[in-house]
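Got a few minutes to look at a protein model together? Have a look around first, and then we'll talk.

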Amino acid sequence: MSQYIVRIEGLHKSFGKLEVLKGVDLKVTKGEVVVVLGPSGSGKSTMLRCINKLEQPTDGKIFLEDIEITDPKTNINEVREQIGMVFQSFNLFPHLTAKGNVMLAQRKVLKRDKAEATKIAEEQLRRVGLGDKMDNFPAQLSGGQQQRVAIARALAMDPHVMLFDEVTSALDPELVRGVLDVMKGLAAAGMTMLVVTHEMGFARDVASRVVFMDEGVICEEGTAEEVFDHPKSDRTKDFLGHIT
Amino acid sequence: MDRGPRTARRLLLGLVLAAAMLFAVAAPALALTNPQVTVDQEAGGAPTRFTFVSLTDGDASITGMDFVFPKGFDLSKVTFDTVTLEGLIRNKVKVTGAATGETLSVKFDPSIAPSSTLRVQIYAVVPTNEGGTYPLKLSYSAESTATGTPVATQRTDDTMKFSYRSPTIPERMSRYLDAIPFVTQWNSVKALGMFFKPQLIVTSVPMVITGWFLALAWIAFAFPIAIVGGLCFAFMKMSKVAPLRWIAAAYINVIRGTPLFLQIFVAFIGLRIAGFRVDDNITAVAVLAMNSSAYLAEIFRAGIQSINKGQFEAASSLGMNYAQSMQFVIIPQTVKRVLPTMTSEFILLFKDTALFAAVGRPELMYAAQNIVANTGNMTPFVVIAAFYLIITIPLINFVGRLESKLAVSEHGESPTDRPKRRGGLFGGWSPASASPELVVQASSAAAPPRRSGR
């Protein structure tokens with residue numbers, strides 16, 4: 001079995017004539033928290049979305065453990081249930097309660113029985129600090145609470161890796177902390193995570209590795225200290241200079 | 001043997017026979033041939049006209065008649081006239097008479113000539129309520145002029161029968177109303193009497209209600225078919241297969257681009273001329289279902305496409321396949337969004353059943369038109385308006401409530417934050433919300449576009 005949970009080789013992605021990813025290579029080992037930084041339009045989110053094939057890669061290979069995701073013969077739905085994804089815009093199912101959101105895919109995809117799905121949903125919702133909001137509909141929850149439900153929904157599928165796509169960008173500043181705390185807790189519990197974010201503090205505290213992307217390629221990667229305090233690439237320096 | 005007395009006896013017999021024959025010729029014959037009576041009102045208990053018609057025989061003239069009506073008939077307000085008919089010419093006959101109890105006695109002056117057609121009309125006879133077949137007993141005086149000297153004869157005829165039915169409950173109610181002075185006063189106000197005549201309200205309800213049931217039955221079949229058809233066309237129009245898209249687009253555009261009235265005429269008259277003979281009710285259901293499916297297809301398509309792409313992505317990222325995502329994530333949200341518009345479409349379709357009056361289907365409008373044509377009174381139109389409203393007003397309220405619920409679930413607004421949308425005839429109206437379109441737009445920005453009528 002591969003030592004890597006996720007392995008990306010020579011990933012290219014174009015939208016029409018616009019080439020967004022120009023050859024990305026990335027390996028994520030079990031338990032790693034990889035934080036992907038970079039300016040807007042650098043291709044971070046696109047790379048993340050290629051991993052569970054929400055975007056169809058133009059070229060290159062992506063593996064989840066030993067399964068080649070990019071192989072057309074792979075049943076993508078089976079792969080996706082092992083990859084948890086959390087979106088910038090939450091994308092909770094508005095017609096279901098918090099608990100219903102967490103239960104739906106457990107029931108329909110994993111075919112768990114109702115009692116088990118309920119038990120797991122309640123566990124996960126308590127884990128993200130929403131034990132008292134289980135029967136609320138998304139519209140009755142704050143953005144931060146919705147995002148935590150979305151995390152619980154992904155966790156309930158027992159994913160091998162979690163992808164976070166700018167999950168705090170749409171939140172009011174006072175709600176960001178609750179979500180980041182949940183993510184820190186996950187990292188501490190050993191979850192393999194790929195996090196696209198603009199939260200430098202989170203990257204510094206939690207990241208086992210920081211990847212800096214610009215213009216469709218990875219410019220620099222290393223520990224948080226290496227990238228933040230001793231950036232080698234000019235583009236990284238420029239980017240960090242702008243935001244700090 | 002003595003032959004004399006035998007001869008004398010024979011002679012006597014012959015004389016007696018001859019005299020008998022002579023007498024028989026001199027006396028009037030039956031004097032009336034084929035007497036008949038008809039009654040105008042189908043139902044008893046109300047003043048009505050009786051028409052008596054008979055041929056008089058060639059050898060006697062009629063001088064008077066006694067009509068004996070069945071027991072319980074009221075002749076107190078009776079009037080009458082008499083004509084004789086010669087070919088197409090009517091001659092008015094002077095007639096006098098009076099009623100005593102159930103018997104009306106009339107005298108003709110001059111008497112009715114032999115071989116004429118006699119017609120006596122007796123007005124304002126009030127029969128009993130109890131329906132059935134009754135005899136009309138007639139005794140009449142005839143005067144034979146065959147022998148030169150008038151021979152008066154009294155004859156009776158009890159072959160005549162007439163029948164009527166008991167009045168229905170609405171008819172009894174209507175007659176009860178006739179007797180109330182307030183109702184008479186009410187009807188004397190032209191606008192009230194012309195549009196809200198109480199008697200016509202009670203009598204037209206049972207006559208139009210079958211039309212109401214017919215329209216509801218059509219819709220009960222047509223709408224579910226239209227929903228299935230609409231879903232098919234909606235998915236066809238969103239299909240990746242171009243010919244499917246073209247077929248759906250062509251169907252939707254043609255149906256939505258032509259009047260329903262025209263479609264009804266094509267189905268009922270065009271097809272018939274072309275030689276297709278389909279049951280009228282099946283044709284009506286088919287036309288309604290086809291028409292509505294085109295509108296529903298657009299409603300469904302807009303509804304599905306209005307669901308955020310992120311919903312599909314979230315479902316996919318959890319490992320759900322296309323069918324599961326549609327079934328458990330997209331469609332439930334679509335249903336919620338399109339339900340108000342769908343209900344509006346249902347209301348429109350129900351109202352559109354009125355168009356079938358033009359091809360003679362006996363629905364509400366047709367039934368009302370018939371009564372209006374017979375009575376010259378607009379009240380039946382008001383009555384059927386009520387029948388339409390019984391269905392539409394609750395549904396309009398339902399749409400309103402759905403829309404505010406939708407606003408709550410999609411925007412997190414609590415119901416108390418919004419102005420209450422009240423139902424009823426005047427529901428939802430306030431100076432601030434006098435433009436209903438505006439209210440609708442504000443409350444369902446996310447909902448698919450609605451159709452404002454055909």
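What follows is a short chat about this predicted model.

Visitor: Let's start broad: how many helices and strands are there in chain B?
Guide: Chain B is 454 residues long, and 41% of them are buried. As for its secondary structure, chain B has 13 helices and twelve strands.

Visitor: What share of the area that chain B exposes comes from carbon and sulfur atoms?
Guide: Chain B exposes about 24400 Å² in total. The part of that supplied by carbon and sulfur atoms is 65%.

Visitor: How do helices α2 and α5 of chain B run relative to each other?
Guide: In chain B, the axes of α2 (residues 169-178) and α5 (residues 198-237) come within 8 Å and cross at roughly 180 degrees. The contact involves residues of α2(B), including B:Met173 and B:Leu177, and residues of α5(B), including B:Val202 and B:Pro206. Angles over 145 degrees count as roughly antiparallel. So α2(B) and α5(B) are roughly antiparallel.

Visitor: Is B:Ala289 buried or exposed?
Guide: This residue sits in helix α8 of chain B, which covers residues 280-305. Leaving out residues up to four places away in sequence, B:Ala289 touches B:Ala222, B:Ile225 and B:Ala226. Its relative accessible area is 6%, and the cut-off for buried is under 20%. Therefore B:Ala289 is buried.

Visitor: And what separation do the C-alpha atoms of B:Ala289 and B:Ala222 have?
Guide: Along the chain, these two residues are 67 residues apart. In space, though, their C-alpha atoms are separated by 4.5 Å.

Visitor: Is B:Ile269 buried, partly exposed or exposed?
Guide: B:Ile269 belongs to helix α7 (residues 260-273) of chain B. With B:Phe261, B:Phe265 and B:Ile273, B:Ile269 makes a nonpolar surface patch of about 380 Å². Residues three or four places apart in an α-helix point the same way, because there are 3.6 residues a turn. The relative accessibility of B:Ile269 is 37%, so this residue counts as partly exposed.

Visitor: Over to chain A: which helix of chain B helps to cover the buried residues of α3(A)?
Guide: Helix α3 (residues 98-108) of chain A is mostly covered, with nine of its eleven residues buried. Among them are A:Val102, A:Met103 and A:Leu104. Their cover includes α4 (114-127) and α5 (143-155) of chain A, and from chain B, α10 (322-352).

Notes. Residues are numbered from 1 along each chain as its sequence is written. Chains are lettered from A and ligands numbered from 1 in the order in which they are written. This is a predicted model: local features need pLDDT of at least 70, side-chain atom pairs count only at pLDDT 80 or more; totals for chains, interfaces and linings use all residues. Side-chain values use heavy atoms; hydrogens and water are left out. Patches are made of residues with over 30% relative accessible area and no salt bridge: like charges are joined within 9 Å, nonpolar side chains (Val, Leu, Ile, Met, Phe, Trp, Tyr) within 5 Å. Accessible areas come from the Shrake-Rupley method with a 1.4 Å probe; for residues, only the protein chains shown count as cover. A salt bridge is a side-chain nitrogen of Lys or Arg within 4 Å of a carboxyl oxygen of Asp or Glu. Helices (H or I, at least four residues) and strands (E, at least two) are DSSP runs, numbered from the N terminus. Buried means under 20% relative accessible area, exposed over 50%, partly exposed in between (1.4 Å probe, protein chains only). Axes are lines fitted to C-alpha atoms, for helices over the stretch in contact, and angles run from 0 to 180 degrees between N-to-C directions. Angles under 35 degrees count as roughly parallel, over 145 as roughly antiparallel, 65 to 115 as roughly perpendicular and the rest as oblique. Contact means heavy atoms within 4.5 Å.
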